[in-house]
Amino acid sequence: MRLEYTCVSCKKQNNYKPVTSTRGELQMKVGDEVDVNCGHCGKIDKKHINRIDAVADNKKILIAFLISAVASLVLYSYFGLVGTITVGIPLLMWVQEGKSTNQFNSYKIRRR
C-alpha cells in the first residue's frame, strides 16, 4: 500500500511518504493538515489528511508473482503438483493489499 494525493494546480498524482496502516495513525503522526510539495509542478500546498488516499502497490504484487513463478518451477520439478500451489502467493498478496487499502480509505477524520 502507498499513499497518494492529487495536486491542486496540475492535477497529477503524487506519493506521500509517511505510510501508516490507518488514517487515525497518520493523524497522530502529522496532525490534521500536512504540507505537501508537488513533484511535477513544485507547488507547496496544505492538504487535509482526508484528501490523502491509499492505493495498492503493484510493485509488491509483481515481486510476489516473480517469486511465485520461480518457486513454482523449482518445486514442480521436485514435488510435482504440490509445487503449483505456490501460484497462489500473488493472489494472497493482492488480497492483502486490497484489505489494507480499504481499511485506510474507509476511515475519515472529522474536520474541526
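Which backbone nitrogen does the side chain of threonine 20 reach at 3.5 Å? The backbone nitrogen is that of leucine 26. The model is predicted. Its description here covers an open sheet of three strands, the crossing of helices H2 and H3, and four residues: threonine 20, asparagine 50, lysine 60 and lysine 108.

**The sheet**

- Three strands form an open sheet in the order S2-S1-S5.
- The pairing in this sheet is antiparallel.
- Strand S2 spans 13-16 and strand S5 spans 53-55. Both are edge strands, and each pairs on one side only.
- From one strand to the next, the twist averages 45 degrees.
- As a general point, strands of a sheet pair through backbone hydrogen bonds, in either a parallel or an antiparallel sense.

**Strand pairs**

- S1 and S2 are antiparallel and pair over four bridges.
- In this pair, leucine 3 stands opposite tyrosine 16 of S2.
- S1 and S2 form a hairpin, with six residues between them. Lysine 11 sits in the turn and has a positive phi of about 60 degrees.
- Strand S1 covers residues 2-6 and is joined to S5 by three bridges. These two strands also run antiparallel.
- Across S1 and S5, glutamate 4 faces aspartate 53, which belongs to S5.

**Threonine 20, between S2 and H1**

- Threonine 20 lies in the loop between S2 and helix H1 (23-30).
- Threonine 20 counts as buried because its relative accessibility is 6%, and the cut-off for buried is under 20%.
- The threonine 20 side chain makes a polar contact at 2.9 Å with the backbone oxygen of threonine 22.
- The same side chain reaches the backbone nitrogen of leucine 26 at 3.5 Å.
- Beyond four places in sequence, threonine 20 is in contact with Met1, Leu3, Glu25, Leu26, Lys29 and Phe104. Of these partners, Leu3 is the residue that stands opposite tyrosine 16 in S2.

**Asparagine 50 and lysine 108**

- Asparagine 50 is in the loop between strand S4 (44-48) and S5.
- Relative accessibility is 12% for asparagine 50, so this residue counts as buried.
- A polar atom of the asparagine 50 side chain lies 2.7 Å from the backbone oxygen of isoleucine 109.
- With residues up to four places away left out, asparagine 50 touches Arg23, Lys108, Ile109 and Arg111.
- Lysine 108 is in the segment after H3.
- Lysine 108 counts as partly exposed because its relative accessibility is 44%, which falls between the limits of 20% and 50%.
- The lysine 108 side chain reaches the backbone oxygen of asparagine 50 at 3.5 Å. The contact list of asparagine 50 includes Lys108.
- Outside its neighbours within four places, lysine 108 is in contact with Arg23, Asn50 and Asp53. Aspartate 53 is the residue of S5 that glutamate 4 stands opposite.
- Lysine 108 and arginine 23 are separated by 85 residues in sequence, yet their C-alpha atoms are 7.0 Å apart in space.
- Arg23 appears among the contacts of asparagine 50 and among those of lysine 108.

**The H2 and H3 crossing**

- The axes of H2 and helix H3 (residues 88-106) come within 8 Å of each other.
- These axes cross at roughly 160 degrees. That angle is over 145 degrees, so H2 and H3 are roughly antiparallel to each other.
- The crossing of H2 and H3 is right-handed.
- From H2, the residues that meet H3 are Lys60, Ile61, Ala64, Phe65 and Ser68.
- From H3, the residues that meet H2 are Ile89, Pro90, Met93, Trp94 and Glu97.

**Lysine 60 in H2**

- Lysine 60 belongs to helix H2 (residues 58-79).
- Lysine 60 has a relative accessible area of 35%, so this residue is partly exposed.
- Apart from neighbours within four places, lysine 60 is in contact with Met1, Met93 and Glu97. Met93 and Glu97 are in H3.
- Lysine 60 and methionine 1 are 59 residues apart in sequence, and 8.7 Å separates their C-alpha atoms.
- Met1 is listed as a contact of lysine 60 and also of threonine 20.

How values were computed: Residues are numbered from 1 along each chain as its sequence is written. This is a predicted model: local features need pLDDT of at least 70, side-chain atom pairs count only at pLDDT 80 or more; totals for chains, interfaces and linings use all residues. Side-chain values use heavy atoms; hydrogens and water are left out. Two strands pair if DSSP finds at least two bridges between them. Axes are lines fitted to C-alpha atoms, for helices over the stretch in contact, and angles run from 0 to 180 degrees between N-to-C directions. Buried means under 20% relative accessible area, exposed over 50%, partly exposed in between (1.4 Å probe, protein chains only). Contact means heavy atoms within 4.5 Å. A polar contact is a pair of N or O atoms within 3.5 Å; within protein, one must be able to donate a hydrogen and the other to accept it, and residues adjacent in sequence count only if both atoms are side-chain atoms. Angles under 35 degrees count as roughly parallel, over 145 as roughly antiparallel, 65 to 115 as roughly perpendicular and the rest as oblique. A crossing is left-handed if the near helix is turned anticlockwise from the far one by less than a right angle, and right-handed if clockwise.
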